[in-house]
Amino acid sequence: MVHKQEPASALSTPLSLTRPSEKEAEDRAINAVLNSIYESKNPVILVDSLILQFGLRPLVRSLLDELQFPTFCPFMGKSVIEETKPYFHGTYNGKFSYPGIQEAVEEDSDLVIHFVPLPTDMNTGGFSANIEPRKLLLVEETRVILRGEAFEGVYLASCQPTALHVITFPNMLT
């Protein structure tokens, strides 16, 4: 394709880098996520570095400001969260975390919301991170996985206004 000619006018149309979510999957995922949040007594959030790659830092920061849940980041996610916020509790790296942090995430919480995980040895304390799947909510770029149930076709970038609106104003949920 490198030799294919394109008109210069094509450069004036910006590329769309987002994909629309499948409406039914998005609705089911939002309902499942909200139910888990409402049932939770001690939720925590992990925010990883891939948020930056997808250009979602403003969304995640707004969501964190709304929720005010205790928030941690793996080592590579440190630049995503404003560490001066009262809800920021430290860096989670499995058994290499500061005292109390591993327990707060793995043992004391009943829901761990992990935004766009990057499971490398550096981010997981040499793969020593041990979060029980029954309390794990993975929010990935193209799907949401809640306690092992996958909601495919839910694109994080495309559902951001809806998700933030529903969480901020839960009485609007139908």
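Here are some exercises on this predicted model, each with a worked solution.

Before you start, note that residues are numbered from 1 along each chain as its sequence is written. In this predicted model, local features need pLDDT of at least 70, side-chain atom pairs count only at pLDDT 80 or more, totals for chains, interfaces and linings use all residues, and side-chain values use heavy atoms, with hydrogens and water left out.

**Exercise 1. Getting your bearings**

Work out how many helices and strands the protein chain has, and in what order they come.

Step 1. Count the elements: there are 5 helices and 7 strands. Helices (H or I, at least four residues) and strands (E, at least two) are DSSP runs, numbered from the N terminus.

Step 2. Walk along from the N terminus, and the pattern reads α-β-α-α-β-β-α-β-β-β-β-α.

Step 3. Now look at burial: 44% of the 174 residues are buried. Buried means under 20% relative accessible area, exposed over 50%, and partly exposed in between (1.4 Å probe, protein chains only).

Step 4. Finish with contacts, where contact means heavy atoms within 4.5 Å. Take those between residues at least 6 apart in sequence: 64% of them join residues at least 24 apart.

**Exercise 2. Laying out the sheet**

Find the order of the strands in the sheet, and say which ones stand at the edges.

Step 1. The sheet is open, has 7 strands with mixed pairing, and its order is 3-2-1-4-5-6-7. Two strands pair if DSSP finds at least two bridges between them.

Step 2. Go to the edges, where you meet strand 3 (88–91) and strand 7 (149–152). Each has a single partner strand, so one side of each is left without a neighbour in the sheet.

Step 3. Check the twist: on average, neighbouring strands are turned by 15 degrees against each other, direction ignored. Axes here are lines fitted to C-alpha atoms, for helices over the stretch in contact, and angles run from 0 to 180 degrees between N-to-C directions.

Step 4. Pick out some pairs. Strand 1 (residues 43–47) runs parallel to strand 2 (residues 71–73) over 2 bridges, and Ile-45 sits opposite Thr-71 of strand 2. Strand 1 is also parallel to strand 4, over 5 bridges, with Leu-46 facing His-114. Strand 4 in turn pairs in the parallel sense with strand 5 (residues 136–139) over 4 bridges, and Val-112 has Leu-136 as its bridge partner there.

**Exercise 3. Inside and on top of strand 4**

Is strand 4 largely enclosed or left open by the rest of the structure?

Step 1. Count its buried residues: 5 of the 5 are buried, so strand 4 is largely enclosed by the rest of the structure.

Step 2. Recall that side chains in a regular strand alternate between the two faces of the sheet.

Step 3. Sort the side chains of strand 4: Leu-111, Ile-113 and Phe-115 point one way, while Val-112 and His-114 point the other.

Step 4. Look for helices around it. Helix 3 (residues 57–67) lies across strand 1, strand 2 and strand 4 (111–115), at about 165 degrees to strand 1. In helix 4 (residues 101–108), the buried residues are Ile-101, Gln-102, Ala-104, Val-105 and Glu-106, and their cover includes strand 1, strand 2, strand 3 and strand 4.

**Exercise 4. Two serines**

Compare the settings of Ser-49 and Ser-79, starting with the loops that hold them.

Step 1. Ser-49 is in the loop between strand 1 and helix 2 (50–53), whereas Ser-79 is in the loop between strand 2 and strand 3.

Step 2. Ser-49 is buried, at a relative accessible area of 12%; Ser-79 is partly exposed, at 41%.

Step 3. Not counting residues up to four places away in sequence, Ser-49 touches Met-76, Gly-77, Val-80 and Leu-118. With neighbours within four places left aside, Ser-79 is in contact with Leu-52, Arg-57 and Arg-61.

Step 4. Try a distance as well: Ser-79 and Val-47 are 32 residues apart in sequence, yet 9.8 Å apart in space, C-alpha to C-alpha.

**Exercise 5. Two positive phi values**

Find where Gln-68 and Phe-127 lie.

Step 1. Gln-68 is in the loop between helix 3 and strand 2, and Phe-127 is in the loop between strand 4 and strand 5.

Step 2. Phi is near 60 degrees for Gln-68 and near 65 degrees for Phe-127, each a positive value in a residue other than glycine.

Step 3. Gln-68 is partly exposed, at 42% relative accessible area, while Phe-127 is exposed, at 58%.
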